[in-house]
Amino acid sequence: MESTKGFEKDIAKLSEDEKAAVIKKINDCASLFPTQKADVYRKLRRLRLPTNLNGYESSLYTLRISRTLRVIWAVDEDPIFGQVIFTLFRAVKHEELDKAYQGVAESLYQDLEAAQIS
């Protein structure tokens with residue numbers, strides 16, 4: 001499990017109840033992943049990306065924490081080393097989700113876009 005500065009800043013702004021809900025939901029998904037991967041993926045939602053990934057799929061997802069709170073994270077499965085890396089990018093209110101997701105996706109995939117142009 002890895003977290004970004006953006007996620008840490010977002011978490012710091014949440015109430016204690018919201019923080020606890022975020023941590024519990026993330027830990028629940030992470031602990032279920034090795035044995036119930038399909039169930040975890042059903043809880044996640046993949047949003048459209050602002051760029052073409054040359055046929056690759058993004059590993060960015062949103063996880064619904066509550067009616068009003070979402071987490072943007074990446075799920076990267078590494079079959080060679082037999083591990084899964086969860087990277088936590090943002091924890092935002094539902095109405096801020098699209099803007100936050102756009103920012104995360106652009107920062108992650110801008111290098112890919114530059115490589116496609118050259």
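This passage describes the fold, the sheet, the helix packing and the aromatic cluster of a predicted model.

The protein contains 4 helices and 5 strands. Along the sequence, these elements follow the pattern β-α-α-α-β-β-β-β-α. The protein has 118 residues, of which 36% count as buried. Contacts between residues at least 6 apart in sequence were also examined by separation. Of these contacts, 54% join residues at least 24 apart.

The 5 strands form an open sheet. Their order is E1-E5-E4-E3-E2, and the pairing is mixed. E1 and strand E2 (44-45) stand at the edges. Each has a single partner strand, so one side of each is left without a neighbour in the sheet. Strands of a sheet pair through backbone hydrogen bonds, either parallel or antiparallel. Both senses are represented here, as the individual pairings show.

At one edge, strand E1 (residues 2-3) pairs with E5 in the parallel sense. This pairing runs over 2 bridges. Within it, Glu2 has Thr87 of E5 as its bridge partner. E5 also pairs with E4, here in the antiparallel sense and over 10 bridges. Asp76 stands opposite Ile85 of E5. E4 and E5 form a hairpin, with 4 residues between the two strands. Gly82 lies in the turn and has a positive phi of about 60°.

At the other edge, E2 pairs with strand E3 (residues 60-64). The sense is antiparallel, and the pairing extends over 2 bridges. Leu44 stands opposite Leu63 in E3. E3 also holds Thr62. Thr62 counts as buried, because its relative accessibility is 4% and the cut-off for burial is under 20%. Thr62 and Arg46 are 16 residues apart along the chain, yet their C-alpha atoms are separated by 6.5 Å. Beyond residues up to four places away in sequence, Thr62 touches Lys43, Leu44, Arg45, Leu47, Val71, Ile72, Leu97 and Tyr101.Two helices were examined against the sheet. H1 lies across E1, E4 and E5. Its direction runs at about 45° to E5. H2 packs on the sheet as well, touching E3, E4 and E5. The direction of H2 makes about 25° with that of E4.

H1 and H2 also contact each other. Two packed helices are described by the angle between their axes and the distance between the axes. The axes of helix H1 (residues 5-13) and H2 come within 9 Å. They cross at roughly 135°. H1 and H2 are therefore oblique to each other. On the H1 side, the contact involves Phe7, Ile11 and Ala12. These residues meet Lys19, Val22 and Ile26 in H2. By class, the contact of H1 with H2 has 5 nonpolar residues and 1 charged residue, with no polar ones.

Aromatic side chains form a further set of contacts. A pair of aromatic rings is described by the distance of the centres and the angle of the planes. The model has 4 aromatic pairs. One of them joins Phe33 and Phe86 in an edge-to-face arrangement. The ring centres are 5.5 Å apart, and the planes make an angle of 85°. Phe33 lies in the loop between helix H2 (16-32) and helix H3 (37-43), whereas Phe86 belongs to strand E5 (residues 83-93). The pair thus ties together parts that are 53 residues apart in sequence. Phe33 is buried, with a relative accessible area of 4%. Phe86 is buried too, with a relative accessible area of 5%.

Phe86 forms another pair, with Trp73. This pair is stacked, at 5.0 Å centre to centre and 20° between the planes. Trp73 sits in strand E4 (residues 69-78) and Phe86 in strand E5. The two residues are 13 apart, and their pair links distant parts of the chain. Trp73 is buried, with a relative accessible area of 0%. Phe33, Trp73 and Phe86 belong to one aromatic cluster, together with Tyr41 and Tyr61.

Technical notes: Residues are numbered from 1 along each chain as its sequence is written. This is a predicted model: local features need pLDDT of at least 70, side-chain atom pairs count only at pLDDT 80 or more; totals for chains, interfaces and linings use all residues. Side-chain values use heavy atoms; hydrogens and water are left out. Rings of Phe, Tyr and Trp (its six-membered ring) pair if their centres lie within 6.5 Å; planes under 30 degrees apart count as stacked, over 60 as edge-to-face and the rest as tilted. Buried means under 20% relative accessible area, exposed over 50%, partly exposed in between (1.4 Å probe, protein chains only). Two strands pair if DSSP finds at least two bridges between them. Axes are lines fitted to C-alpha atoms, for helices over the stretch in contact, and angles run from 0 to 180 degrees between N-to-C directions. Angles under 35 degrees count as roughly parallel, over 145 as roughly antiparallel, 65 to 115 as roughly perpendicular and the rest as oblique. Contact means heavy atoms within 4.5 Å. Ala, Val, Leu, Ile, Met, Phe, Trp, Tyr, Cys and Pro count as nonpolar, Asp, Glu, Lys and Arg as charged, and the others, Gly among them, as polar.
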